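Colleague: Please take one part of this model, the packing of a pair of helices, and examine it closely. I should then like the account to continue from there to the rest of the chain.

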Amino acid sequence: MKEMSTTGDSTLGGQQPRKHYGITSSISLALPREIDHIYSQKLTEAMKPFGVFEGEDELNHRLAVLGKLNSFVKEWISEISETKNLPPSAVANVGGKIFTFGSYRLGVHTKGADIDALCVAPRHVERTDFFSSFFEKLKRHDEIKDLRAVEDAFVPVIKFKFDGIEIDLLFARLALQSIPDNLDLRGDSLLRNLDIRCIRSLNGCRVTDEILYLVPNKENFRLTLRAIKLWAKRRGIYSNMLGFLGGVSWAMLVARTCQLYPNAVAATLVHKFFLVFSKWEWPYPVLLKQPEDSNLNLPVWDPRVNPSDRYHLMPIITPAYPQQNSTYNVSTSTRTIMSEEFKNGLTVTDEILLGKADWSKLFEPPNFFQKYKHYIVLTASASTEENHLEWIGLVESKIRVLVGNLERNEYITLAHVNPQSFPGLIENRNENEFVSMWFIGISFKKLDNSDCVNIDLTYDIQSFTDTVYRQASNINMLKDGMTIEATHVKKKQLHHYLPPELLQRKKKSLGDINRSSNGGGSKRCSLDSSQLDSSRDTDIGTPFSSPTPVSQPCQPVSTPEDSSISPPSHPVLVFMDSPPASELSPPKPEQGMSIPVIGSKPIATPVAKPPTPPAGNTIPTVVGRSVIPRITSSSPSPTDLPNSVNGAPKRPHSPSLEDSPKRHKDTEVFSDDSAFKEPNPPTTNGLDGDDGQTVEGFAATKPMPIPTIDTSRSQRLPSKELPDASSPIPTSNLRVIKNSIRLTLNR
């Protein structure tokens with residue numbers, strides 16, 4: 001299907017065919033009312049205090065900097081062309097150009113944000129020229145500061161500050177003799193005969209341009225995206241690295257909403273965004289256009305062909321060839337958290353559009369440190385500031401491995417990482433030590449048939465630290481003083497790690513109290529809808545409660561076309577198994593989609609606790625100690641996987657460290673294209689003429705089991721478009737010391 005084309009092959013009753021965007025027709029073509037414009041203006045005013053809008057002076061400064069950089073590129077390419085003996089006539093017309101992408105290109109960048117840019121050069125300019133002669137040219141310029149090249153990165157980049165503006169500059173050479181100023185990068189033919197690094201470098205620009213091309217109204221899209229990005233950052237769910245969504249993924253979700261409501265203004269689109277994605281049945285993919293094959297033999301996201309693509313939990317597919325899933329890092333826990341936030345956002349925007357709340361309520365941050373009873377505190381330390389910056393970058397990139405380990409534990413229903421890191425308190429660290437901390441909230445499942453259960457998290461933590469040290473060793477980053485320490489603490493012990501202002505319990509507003517008395521959203525329970533009973537640790541032993549607040553929706557603000565959002569009568573199949581009728585109910589968040597890994601428990605010998613931090617169970621991992629022996633055991637065969645997504649078993653806690661999670665491989669090749677289809681939107685009071693259509697993604701049948709993505713790194717996406725490369729085992733053993741983290745849950 002071609003985008004922005006007319007629906008239907010013929011006209012009925014002399015009516016003109018209607019234009020639509022995306023792979024389905026729109027849900028509503030309703031025009032905005034006066035009140036919708038008023039709400040949109042109020043939304044803009046509510047965002048201003050957060051610095052999401054740049055002033056005219058700042059915008060002009062960015063344009064001036066980019067203009068200078070573009071001149072540098074043209075100048076440099078001309079100089080290179082002369083050294084390569086091109087004729088003067090060719091040198092004069094060789095061209096070269098700077099393209100932007102990311103938030104700046106989309107028009108949603110905030111104050112002080114960096115600029116993602118791409119240097120496009122003709123075929124005779126090599127990548128080595130970019131990282132040598134162009135790097136030296138930049139170095140000689142007085143306005144350029146903090147210049148550094150990362151040539152061996154997955155996407156090679158030069159980073160620098162140009163007159164105070166941070167710029168990440170990529171490079172791509174095209175198979176063209178010259179680069180004209182009016183070059184359009186959206187054409188797939190430009191990718192022919194390019195190496196993979198150039199294709200990766202071009203991908204950002206191509207995806208950004210395609211998104212802008214596929215939305216009905218760019219200004220409405222931009223204001224809506226600003227609001228959703230601010231909301232996601234304030235709610236702690238904006239981080240591709242940690243398993244949430246990054247900027248391009250949020251942009252594609254907002255673009256899909258704009259396609260479904262092409263005439264709506266920003267206030268309406270924000271509400272419809274939460275309506276659509278609070279009801280979306282993942283793992284149905286979000287697509288802005290029907291994928292097209294350009295016959296360039298590049299690997300693309302296609303679950304019919306690539307078994308590994310069937311394991312993605314929340315696929316959002318980039319619209320430019322080669323199509324990729326931008327949410328590869330999403331795990332069971334992060335998807336559950338985001339799904340709850342979508343529902344909460346719908347509740348809040350319902351209230352706003354009913355006049356019961358202001359837009360500022362949408363941007364209120366959650367009280368993460370009051371939400372859970374149990375936390376894992378992950379501390380990364382280094383002896384110098386330079387080493388610390390390097391070290392925390394690696395540790396943060398691997399935290400999702402720890403989240404995957406924890407959520408595969410049979411007693412853990414949710415592992416919620418806070419994307420914000422915190423510096424260590426002065427009293428808890430040495431004078432010359434640089435420390436960063438991350439906090440992971442843990443929800444344990446409700447105990448039904450036993451008085452208490454002993455839980456050992458030693459394996460979950462140790463396998464994570466092994467991964468980090470292995471990666472650091474492989475890239476020669478590991479230096480003396482670099483340590484990771486994982487500590488289990490209760491909520492009441494957090495004051496040992498954080499300042500008091502972060503831990504103060506939020507007071508209920510009058511509106512919250514009224515909602516509570518009416519059965520509203522003040523009831524406290526965990527994200528998985530179950531109370532976590534009082535528990536005690538083996539070292540502390542004081543029970544207390546910290547349930548998770550879940551908001552109940554108020555009367556929804558809906559339109560007639562929204563009322564028909566329901567599962568379609570003829571479900572669209574996406575690589576289906578055949579679940580029993582009892583499995584056709586909506587998925588429950590507490591039942592994870594985890595890889596079954598069953599192993600024996602190691603014999604863990606408790607060791608004396610270190611003096612700091614003052615409370616909790618700790619696993620310090622310090623370079624220079626001996627390795628603890630590991631116990632081996634077997635893993636189940638892939639055929640042991642259940643047929644229900646909700647029924648995927650978890651492994652017992654603390655299996656052998658040598659147990660490698662196994663991913664279910666389905667060798668069946670799907671011949672139809674149903675994996676790229678969405679259920680149709682619902683009918684809309686005559687606005688859309690197709691009867692019986694329902695919102696995409698709301699299907700009644702269940703897809704096959706989809707385990708979490710933290711599997712053996714030998715299972716890679718065919719495109720290799722992953723955030724980090726797999727690491728071989730280092731030649732020398734990692735020298736770490738292992739203490740046990742154990743706690744006891746009461747019924």
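**Helix packing and its setting**

Modeller: The axes of helix 11 (residues 385-407) and helix 12 come within 9 Å of each other and cross at roughly 145 degrees. Axes here are lines fitted to C-alpha atoms, for helices over the stretch in contact, and angles run from 0 to 180 degrees between N-to-C directions. Helices (H or I, at least four residues) and strands (E, at least two) are DSSP runs numbered from the N terminus. The model is a predicted one, in which local features need pLDDT of at least 70 and side-chain atom pairs count only at pLDDT 80 or more, while totals for chains, interfaces and linings use all residues. Residues are numbered from 1 along each chain as its sequence is written, and side-chain values use heavy atoms, with hydrogens and water left out.

The crossing of helix 11 with helix 12 is right-handed; a crossing is right-handed if the near helix is turned clockwise from the far one by less than a right angle, and left-handed if anticlockwise. Helix 11 brings Trp 391, Leu 394, Val 395, Lys 398, Ile 399, Val 401, Leu 402, Asn 405 and Leu 406 to the contact, and helix 12 brings Asp 460, Ile 461, Ser 463, Phe 464, Thr 467, Val 468, Tyr 469, Gln 471 and Ala 472. Contact means heavy atoms within 4.5 Å. By class, the contact of helix 11 with helix 12 holds 12 nonpolar, four polar and two charged residues. In this scheme Ala, Val, Leu, Ile, Met, Phe, Trp, Tyr, Cys and Pro count as nonpolar, Asp, Glu, Lys and Arg as charged, and the others, Gly among them, as polar.

Trp 391 leads from this contact to the largest nonpolar core, which has 113 residues; Trp 391 is among the members that touch the most others, together with Phe 221, Trp 231, Trp 250, Leu 253, Phe 273 and Phe 439. Such a core is a set of buried Ala, Val, Leu, Ile, Met, Phe, Trp, Tyr and Cys residues joined through side-chain atoms within 4.5 Å. Buried means under 20% relative accessible area, exposed over 50%, and partly exposed in between (1.4 Å probe, protein chains only). Another core lies apart from that one and has 29 residues, including Val 65, Phe 135, Ile 167 and Leu 169.

Phe 273 deserves attention in its own right. Leaving aside residues up to four places away in sequence, Phe 273 touches Ile 228, Trp 231, Trp 250, Leu 253, Val 254, Thr 257 and Phe 342. Phe 273 also belongs to a second helix pair: the axes of helix 7 (residues 218-234) and helix 9 come within 9 Å and cross at roughly 50 degrees, which makes helix 7 oblique to helix 9. Under 35 degrees counts as roughly parallel, over 145 as roughly antiparallel, 65 to 115 as roughly perpendicular, and the rest as oblique. The crossing of helix 7 and helix 9 is right-handed. Asn 220, Leu 223, Thr 224, Ala 227, Ile 228 and Trp 231 of helix 7 meet Ala 266, Leu 269, Val 270, Phe 273 and Phe 274 of helix 9. Nine residues in the contact of helix 7 with helix 9 are nonpolar, two are polar and none is charged.

Val 270 of helix 9 in turn connects to Trp 359, whose contacts, not counting residues up to four places away in sequence, are Tyr 39, Lys 42, Leu 43, Ala 46, Ala 267, Val 270, Thr 349, Ile 352 and Leu 353. Trp 359 lies in the loop between helix 10 and strand 8 (374-382) and is buried, at 4% relative accessibility. Its C-alpha atom is 5.9 Å from that of Leu 43, although the two are 316 residues apart along the chain.

Ala 251, in helix 8 (residues 247-260), is buried at 0% relative accessibility. With the same sequence neighbours left out, up to four places away, Ala 251 touches Leu 106, Ile 211, Phe 221 and Leu 225.

Two backbone features fall after helix 9. The peptide bond from Trp 282 to Pro 283 is cis, with omega near 15 degrees, and so is the bond joining Tyr 321 and Pro 322, with omega about -5 degrees. Pro 283 lies in the loop between helix 9 (266-278) and helix 10 (332-353), and Pro 322 is placed in the loop between helix 9 and helix 10.

For the chain as a whole, there are 14 helices and 16 strands, and 55% of the 747 residues are buried.
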